[in-house]
Amino acid sequence: MTQAIQTQTALSSAATFTALKCKECGEEYELKATHVCEFCFGPLEVTYDYSKLSQTVTRETIQAGPNSIWRYRPFLPVETDTPIDVGTGMTPLVQANRLARRLGLKKLFIKNDAVNMPTLSFKDRVVSVALTRARELGFSTVSCASTGNLANSTAAIAAHAGLDCCVFIPADLEAGKILGTLIYGPTVMAVQGNYDQVNRLCCEVANSHGWGFVNINLRPYYSEGSKTLGYEVAEQLGWQLPDHIVAPLASGSLFSKIYKGFQEFIKVGLVEEKAVRFSGAQAEGCSPIAQAFREGRDFVTPVKPNTIAKSIAIGNPADGVYAVDIARKTNGNIESVNDAEIIEGIKLLAETEGIFTETAGGTTIAVLKKLVEAGKIDPEETTVTYITGNGLKTQEAVQGYIGEPLTIEPKLDSFERALERSHTLGRLEWQQVLV
Ligand SMILES: *Cc1c(COP(=O)(O)O)cnc(C)c1O
């Protein structure tokens, strides 16, 4: 694994991104692999030339692009005409009528990133952007500090792009997340500690090894990939913004970038201005952002995670304060739910819509339900709920809560008896009789 060459090349004249800018003090930086302001330690964010974007991008130019996140390439921080495109993005926006009826809503949509490509989570978006930029900056080894899905995405897309890959995960992740990383052949470091400890270690490695860490030194580029969750929903709703969105919060990045995506589409005239309400979902066992929101604080106090929703278990969330600010100024909410409610949320989405999500999605559905019951989502609002990961990766979370198959002999009368019992008793009760 070789050292990265970090030279700033002159931007091509077609490039629409202009600099890295500190979100706190406004200091600007060259477009290199760096993520923290040297003056105030604030996070850096990519800036764009919006007048150029307004002049060159139309609904038609976007629709003529590929059926992936790269149809929005002018809004993403890469220069190349040939980004790493593994079919990421343009996931279904499903009108969820049965779930809506169950909850008492009129117009509910599910943005289904449980079927995103290639690794069945929203992380494929951020990694496609980060690795395309990593290649432009000359990195040959890419890495990440992951709660699971990010390791899957980084390993898979690095394999496709022919980049060396070394990922860091907490050692206690779900089996599906570990296997779903190892299969692509990266080096996997299972760290005996929680995500926040993994992240701290990775900050040191990033400094000493010159690797491209997608969510550390490449974070300003990486995080821009989440804006596509906003763009796609706007385009799929017929170039309109919804009234209310509900999304999960780990670091708070995805949530903040959906907001940025909507604002950009308004700014360049692709959609009409609208005040979209932003509501966020956390697991009670790791809810530092929900706590800050509830207590009216504008700082986030770190916590030690303890929840089955491991993919969103970040105790010290980098973009937590921005998420609180967005929820507050859009008249939204940030709520948390316990592990039992998360499992119920997974089952509810599966049984009403045929979508099997992981614990993060269960958290989001359970919070959606809680917000509706508390009168915090108006039944008339067009509401979009973001489902960010796939249930097949976190099977242990629902094991024991979904029953077992009815085991029968290969005979018609055995089948008929089982069917009758299941009708009179209900499937779950019949299973109890069997055991
Ligand atoms: C990483 C992740 C999130 C949230 O990510 P942030 O941008 O850090 O808030 C949500 N859902 C799933 C499934 C994830 O893997």
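The following exchange goes through the terms used for this predicted model.

Colleague: Why is Asn-112 called buried?

Modeller: Buried means under 20% relative accessible area. Asn-112 has 7% relative accessibility, so Asn-112 counts as buried. Asn-112 belongs to strand S5, residues 107–112. Beyond neighbours within four places in sequence, Asn-112 is in contact with Thr-91, Pro-92, Ile-355 and Ile-387.

Colleague: What makes S5 and S13 a pair?

Modeller: A pair needs at least two bridges between the strands. S5 and strand S13 (residues 382–387) are joined by 6 bridges and run parallel, so by that cut-off they pair. As one example, Phe-109 has Val-384 in S13 as its bridge partner.

Colleague: Which strands stand at the edges of the sheet that holds S5 and S13, and why?

Modeller: That open sheet has 6 strands in the order S4-S5-S13-S10-S11-S12, and its pairing is mixed. Strand S4 (93–95) and S12 each have a single partner strand, so one side of each is without a neighbour in the sheet. From one strand to the next, the twist averages 25°.

Colleague: How do you know that strand S11 is largely enclosed?

Modeller: For S11, residues 277–283, 7 of the 7 residues are buried, so the strand is largely enclosed by the rest of the structure. In a regular strand the side chains alternate between the two faces of the sheet. In S11 both faces are covered: on one side Arg-277, Ser-279, Ala-281 and Ala-283 are buried, and on the other Phe-278, Gly-280 and Gln-282.

Colleague: Which strands are joined to S11 by bridges?

Modeller: Strand S10 (residues 244–248) is joined to S11 by 5 bridges, in parallel, with His-244 partnered by Arg-277. Strand S12 (residues 334–337) is joined to S11 by 4 bridges, also in parallel; there Ala-281 has Glu-335 as its partner. S10, helix H10 (residues 253–267) and S11 together make a right-handed β-α-β unit.

Colleague: What makes H10 oblique to H12?

Modeller: H10 and helix H12 (residues 320–329) pack at about 50°, with their axes 8 Å apart. That angle makes H10 oblique to H12, because angles under 35 degrees would count as roughly parallel and 65 to 115 as roughly perpendicular. The crossing of H10 past H12 is left-handed. Phe-255, Ser-256 and Tyr-259 of H10 meet Tyr-322, Ala-323, Ile-326, Ala-327 and Lys-329 of H12.

Colleague: Why are H5 and H6 called roughly parallel?

Modeller: Helix H5 (residues 149–161) and helix H6 (residues 175–182) pack at about 15°, their axes 8 Å apart. Angles under 35 degrees count as roughly parallel, and H5 and H6 are therefore roughly parallel to each other. H5 passes H6 in a left-handed crossing. Asn-149, Ala-151, Asn-152 and Ala-155 in H5 meet Lys-177, Gly-180 and Thr-181 in H6.

Colleague: How does H5 lie with respect to S6 and S7, and at what angle to S6?

Modeller: H5 lies across both S6 and S7, and runs at about 170° to S6. Strand S6 (residues 141–145) and strand S7 (residues 164–170) pair in the parallel sense over 5 bridges, and Val-142 has Cys-165 in S7 as its partner.

Colleague: What makes S8 and S9 edge strands?

Modeller: The open sheet here has 4 strands in the order S8-S7-S6-S9, with parallel pairing. Strand S8 (187–191) and strand S9 (212–213) each have a single partner strand, so one side of each is left without a neighbour in the sheet.

Note on methods: Residues are numbered from 1 along each chain as its sequence is written. This is a predicted model: local features need pLDDT of at least 70, side-chain atom pairs count only at pLDDT 80 or more; totals for chains, interfaces and linings use all residues. Side-chain values use heavy atoms; hydrogens and water are left out. Buried means under 20% relative accessible area, exposed over 50%, partly exposed in between (1.4 Å probe, protein chains only). Helices (H or I, at least four residues) and strands (E, at least two) are DSSP runs, numbered from the N terminus. A crossover is right-handed if, with the strands pointing away from the viewer, the path from the first strand over the helix to the second runs clockwise. Axes are lines fitted to C-alpha atoms, for helices over the stretch in contact, and angles run from 0 to 180 degrees between N-to-C directions. Angles under 35 degrees count as roughly parallel, over 145 as roughly antiparallel, 65 to 115 as roughly perpendicular and the rest as oblique. A crossing is left-handed if the near helix is turned anticlockwise from the far one by less than a right angle, and right-handed if clockwise. Contact means heavy atoms within 4.5 Å.
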